[in-house]
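Welcome! Here is a short tour for anyone meeting this structure for the first time. Take a look at the display below, then read on.

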Amino acid sequence: MGNKRKGQLTTDIEWYNHLRKIGKRFFWKGERIAEKKMINENLTEIETEENKKL
């Protein structure tokens, strides 16, 4: 896999880890944590932009 897929946060270097039996849990746990972090950062960015407009 050469690129990141749409909706995935990890790169191709880390991507193959989810193919191993033990790696599945760690890979997808990392994806969920990264997604939550990205959402929180986007929300705070939007809130600061709204506060600047007021």
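L43 is partly exposed, because its relative accessible area is 44% and the partly exposed class lies between under 20% for buried and over 50% for exposed. This leucine sits in helix α2, which covers residues 21-53. On the surface, L43 joins I39 and I46 in a nonpolar patch, and together the three have about 250 Å² of accessible area. Keep in mind that this is a predicted model.

Charged patches can be found here too. R25, K29, R32 and K36 make up a positive patch on the surface. One of its members, K29, belongs to helix α2, and with a relative accessibility of 47% this lysine is partly exposed. A patch of negative charge brings together E41, E45, E47, E49 and E50 on the surface. Of these, E47 is also placed in helix α2, and its relative accessible area of 46% makes this glutamate partly exposed as well.

Here are the three residues side by side:

| Residue | Relative accessible area | Class |
|---|---|---|
| L43 | 44% | partly exposed |
| K29 | 47% | partly exposed |
| E47 | 46% | partly exposed |

Which residues of α2 are buried? They are G23, F27 and E31.

How far apart are the end C-alpha atoms of α2? They are 50 Å apart. With 33 residues at 1.5 Å a residue, α2 should span 48 Å, so the distance in the model agrees with the expected one.

Now for the whole chain. The protein chain holds two helices and zero strands. Of its 54 residues, 13% are buried. The chain exposes about 5,100 Å², and carbon and sulfur atoms supply 55% of that area.

To retrace the tour in the display, begin at L43 in helix α2, then look for K29 and E47 in that helix.

How values were computed
Residues are numbered from 1 along each chain as its sequence is written. This is a predicted model: local features need pLDDT of at least 70, side-chain atom pairs count only at pLDDT 80 or more; totals for chains, interfaces and linings use all residues. Side-chain values use heavy atoms; hydrogens and water are left out. Patches are made of residues with over 30% relative accessible area and no salt bridge: like charges are joined within 9 Å, nonpolar side chains (Val, Leu, Ile, Met, Phe, Trp, Tyr) within 5 Å. Accessible areas come from the Shrake-Rupley method with a 1.4 Å probe; for residues, only the protein chains shown count as cover. A salt bridge is a side-chain nitrogen of Lys or Arg within 4 Å of a carboxyl oxygen of Asp or Glu. Helices (H or I, at least four residues) and strands (E, at least two) are DSSP runs, numbered from the N terminus. Buried means under 20% relative accessible area, exposed over 50%, partly exposed in between (1.4 Å probe, protein chains only). Lys and Arg count as positive and Asp and Glu as negative; His and the chain ends are not counted. The place of a charge is taken as NZ of Lys, CZ of Arg, CG of Asp or CD of Glu. The expected span of a helix is 1.5 Å times one less than its number of residues.
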